[in-house]
Amino acid sequence: MNNKANIILTHNCNLKCLHCYIDAKACKEDLEKNYNKTIELIDKLEKDNFKQIMFTGGECLMFPKIVDLIKYAKSKNMIVSIFTNGMIFKQEVLDLVDMVNISVDGPDNIHNYIRQNENSYNNIIKVLDYLNSIDKYTILQMTINNFNYNNLDYLVDLTLSHLNVRTVKIACVIDDGRAKENSIYLDKEMLENVYAKMDNLYEKTKYHIQFVTSLYNKYDFENYCLNEKMMFPIWFDIPNEKYYLLNDKLSTNYDLNKYEFKNIQKDNLLYKNILKENKEIIERENYIDIEKSLFELIGGNRNEE
Ligand code: SF4
């Protein structure tokens, strides 16, 4: 099992997006303590045979020692990616990581409105253009809500003009935090409209389209399968010292000395229930093999260096 960890380095953020389900904003944290906790976690993950790490937040590029953390994880031979809102152009990080996940919510006026910042769209395009120029493996994530659910076609133009974008994730807004306050959740009809467009989008772009919403949803589940195997990233929330598999409502405090994270998926009751409920789907053969192809591609690049 190619285990993957998503590490929430910080809850601090330079945006206050309408759809933010964790209500992230500017906040103060003990950076030195969180840095040390992250180093400890990386050591533990290496021991537990984790091969991929994604740093996220809040906005992970606001974490002052992120370059050191990326270098540290890479020294353990891990595939390292970041998830960014694109507000900070940090070339050293973009050059260093194996993959970049970047949020885009639609054309400029819609993106800027959802992000509540008039420079946000220009900033992501600057980052995307740079990533394109160095052919960095890039994953676009669009969080669908009731302002942008009709703008999926926009993704086609953007991906075709940035061929470094190799995966597009369509996430559904989570009805929590500021998203809940702002009532921007999709109704059933809007969601059906999104699903109906997916095949067409995939055809046009020839890209892998990955749905990330609730894993109880059959559509999502299918797209998280690796043929017969499954890949659920494990989320580690550094400031709160918690981990969770599916959503933060089911989080648990962690103790790095006591638990073998390599066993987390088979030990987790929730995970077992999902396996049981979706046995039929798992046994079907034609799953989109996103994570595997991604892993092989990056691994291939690394060997050539
Ligand atoms: S959605 Fe992301 S970028 Fe926006 S406020 Fe929340 S953490 Fe920050």
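Two residues are in contact if their C-beta atoms, placed from the backbone, lie within 7 Å. In this predicted model, 73% of the contacts between residues at least 6 apart in sequence join residues at least 24 apart. The protein chain has 305 residues, and buried residues make up 33% of them. Its secondary structure comes to 13 helices and 12 strands.

**Around strand β1**

Strand β1 spans residues 3–8 and runs parallel to β2, residues 50–56. Six bridges join these two strands. One partner pair is Asn-6 with Met-54 in β2. Helix α1, residues 31–47, completes a β-α-β unit with β1 and β2. That unit is right-handed.

β1 also pairs with β10, residues 234–237. This pairing is parallel too, with four bridges. Here Ile-8 of β1 has Asp-237 as its bridge partner in β10.

**Two residues with positive phi**

Most residues other than glycine have a negative phi. Asn-49 departs from this sign, with a positive phi of about 70 degrees. Asp-135 also has a positive value, near 50 degrees.

| Residue | Phi | Loop |
|---|---|---|
| Asn-49 | about 70 degrees | between α1 and β2 |
| Asp-135 | near 50 degrees | between α5 (120–133) and β5 (137–144) |

Are these residues buried or exposed? A residue is exposed if 12 or fewer other C-beta atoms lie within 10 Å of its own. Asn-49 has 12 C-beta neighbours inside 10 Å, so it counts as exposed. Asp-135 has 10 such neighbours and therefore counts as exposed.

Terms used. Residues are numbered from 1 along each chain as its sequence is written. This is a predicted model: local features need pLDDT of at least 70, side-chain atom pairs count only at pLDDT 80 or more; totals for chains, interfaces and linings use all residues. Two strands pair if DSSP finds at least two bridges between them. A crossover is right-handed if, with the strands pointing away from the viewer, the path from the first strand over the helix to the second runs clockwise. A residue is buried if 20 or more other C-beta atoms lie within 10 Å of its own, exposed if 12 or fewer, and partly exposed in between; C-beta atoms are placed from the backbone.
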